[in-house]
Amino acid sequence: MCTVCGCGGKDAKIEGEHSHDHDDHGHGHHHGHAHGHSHDHAYDHTHDHGHNQGHDCGHDHDHSVVDDRGDLHFGKGIGGTHVAGLSQSRIVQIEQDILGKNDHLALHNRERFEGLGILALNLVSSPGSGKTTLLTRTAADLMKSMPVAVIEGDQQTALDADRIRATGVAAIQINTGKGCHLDADMVRRATDALDPEPGTLLFIENVGNLVCPAAFDLGEAAKVAILSVTEGEDKPLKYPDMFHAATLMILNKSDLLPYVPFDVQKCIENARRVNPKIEVLQLSALSGEGLEAWYAWLQTRRSAVQADLKEAGE
């Protein structure tokens, strides 16, 4: 997985953000405490392919398994992945360092959101699932009854953020460059620029990718995996980490079911093989079928966040 390369982070561009050094900031987070910790997003984990680091590099880093059909299966070692030139133990060490720093920042994001009664949701999917279409319609429908804001993640362009802003909902674009996922510091910086009001329903639309975003906590209350019925019911088995991490799976584009060979029940069974607790909603962002159930789910989660905040203040 890409956690061993440290992609994104320092190269991300946040709309509306002032050009200043983010490596040493005491960001206030609006919850009464400042952190003078340094966020060196270069991570300083040069791989040194000259092998002067002392790790076990005998150029035997295959870590693959050949099954009885001759298929190759990589990532069978303790690192769960394969990187040419790196041992499995080195991969684990690098991944732990990167995710540890990310989780530290995600914790502060979560404290900030909870302290303001904000429900933050991390929307994840492969490209073409209809994620932005669903988000645009949701934002337009719900902005009448609650404050809504959006953080958009893409490698390039502000096209999706522009679509959201056209509804009247505030949106900030994050361009990750070569990065294939958002991380907690990108979300922290985007939230600073967005400055959502208390009680906001905050959607974070991740980069289209069913692999790397599964590993990166952004401080969200839940991950929502969006799967189009045009993609195939085996996606949860092919990308188990993502569906294991998700609280909710949305089966989108249900209006196309009469025209595609998609088995809804089989897809749900597959998802619950990797995550028995995952919730499932079936809808069409285009036709509007099933949207009321989605809006009810959002309202229930948002009310729970606000109830927790009220209880903590009593």
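These are my notebook entries on what I looked up in this structure, which is a predicted model.

**Entry 1: salt bridges**

I started with charged side chains. Side chains of opposite charge can pair when their charged atoms come close. How many salt bridges does the structure hold? I got eleven.

I picked out Arg165 and Asp162 to begin with. Their side chains meet in a salt bridge, at 2.8 Å from N to O. I wanted to know where the two sit along the chain. Both are in helix 3, residues 159-165, and because they are three residues apart there, about one helical turn separates them. Next I checked how covered they are. Arg165 has a relative accessible area of 30%, so I wrote it down as partly exposed. Asp162 is partly exposed too, at 40%.

**Entry 2: a network around Arg188**

Then I moved on to helix 4, residues 184-194. The side chain of Arg188 meets that of Asp185 in a salt bridge of 3.3 Å, N to O. These two are three residues apart in the helix, so there is about one helical turn between them.

Arg188 also has a salt bridge with Asp192, at 2.7 Å from N to O. Here the spacing is four residues within helix 4, which again means a separation of about one helical turn.

Are these residues buried or exposed? Arg188 and Asp185 are both buried. For Arg188 I noted a relative accessibility of 5%; the cut-off for buried is under 20%, so Arg188 passes. Asp192 comes out at 32%, so I put it down as partly exposed.

Which residues join up into a network of salt bridges? My list reads Arg112, Asp185, Arg188, Arg189 and Asp192.

**Entry 3: aromatic rings**

New topic: rings. A pair of aromatic rings is described by the distance of the centres and the angle of the planes. I searched the whole structure and found two aromatic pairs.

One of them is Phe203 with Trp294: the ring centres are 6.4 Å apart and the planes sit at 40 degrees, so I call this pair tilted. Phe203 belongs to strand 7 (residues 201-205) and Trp294 to helix 8 (residues 291-313), so the pair ties together parts that are 91 residues apart in sequence. Both Phe203 and Trp294 are buried.

The other pair is Trp294 with Trp297. Why does this pair count as stacked? The planes of the two rings are at 15 degrees, and stacked needs under 30 degrees, so the pair fits; the centres are 5.9 Å apart. Trp294 and Trp297 are three residues apart in helix 8, so about one helical turn separates them.

I looked up how covered the two Trp residues are. Trp294 is buried, with a relative accessible area of 1%. Trp297 is buried as well, at 9%. Putting the rings together, I have Phe203, Trp294 and Trp297 in one aromatic cluster.

**Entry 4: cysteines**

A disulfide is a covalent bond between the sulfur atoms of two cysteines. I searched the whole structure for disulfides and found zero. I still checked two cysteines for burial. Cys180 has a relative accessibility of 19%, and the limit for buried is under 20%, so Cys180 counts as buried. Cys212 is buried at 6%.

**Entry 5: helix 2**

I went back along the chain to helix 2, residues 131-142. How many residues does helix 2 have? It has twelve, and from first C-alpha to last it reaches 16 Å, close to the 16 Å expected at 1.5 Å a residue. I also listed which of its residues are buried: Lys131, Thr132, Leu134, Leu135, Thr136, Thr138, Ala139 and Leu142.

**Entry 6: strand 8 and its partners**

Last stop: strand 8, residues 222-228. Strand 8 is mostly covered, with seven of its seven residues buried. In a regular strand the side chains alternate between the two faces of the sheet. I therefore sorted the residues of strand 8 by side: Ala222, Val224, Ile226 and Ser228 are on one, Lys223, Ala225 and Leu227 are on the other, and both faces are covered.

Which strands pair with strand 8? Strand 4 (residues 119-124) pairs with strand 8 in the parallel sense, over four bridges. In that pairing I found Val124 opposite Ala225. Strand 9 (residues 248-252) also runs parallel to strand 8, with five bridges between them. There, Ser228 stands opposite Asn252.

Note on methods. Residues numbered from 1 in each chain as written. Predicted model: local features only at pLDDT ≥ 70, side-chain atom pairs only at ≥ 80, totals over all residues. Heavy atoms only, no water. Salt bridge = Lys/Arg side-chain N within 4 Å of Asp/Glu carboxyl O. Buried < 20%, exposed > 50% of the residue type's maximum accessible area, 1.4 Å probe, protein only. Phe/Tyr/Trp six-rings, centres within 6.5 Å; stacked < 30°, edge-to-face > 60°. Disulfide = S-S within 2.5 Å. Expected span 1.5 Å × (residues − 1). Pairing = 2+ DSSP bridges.
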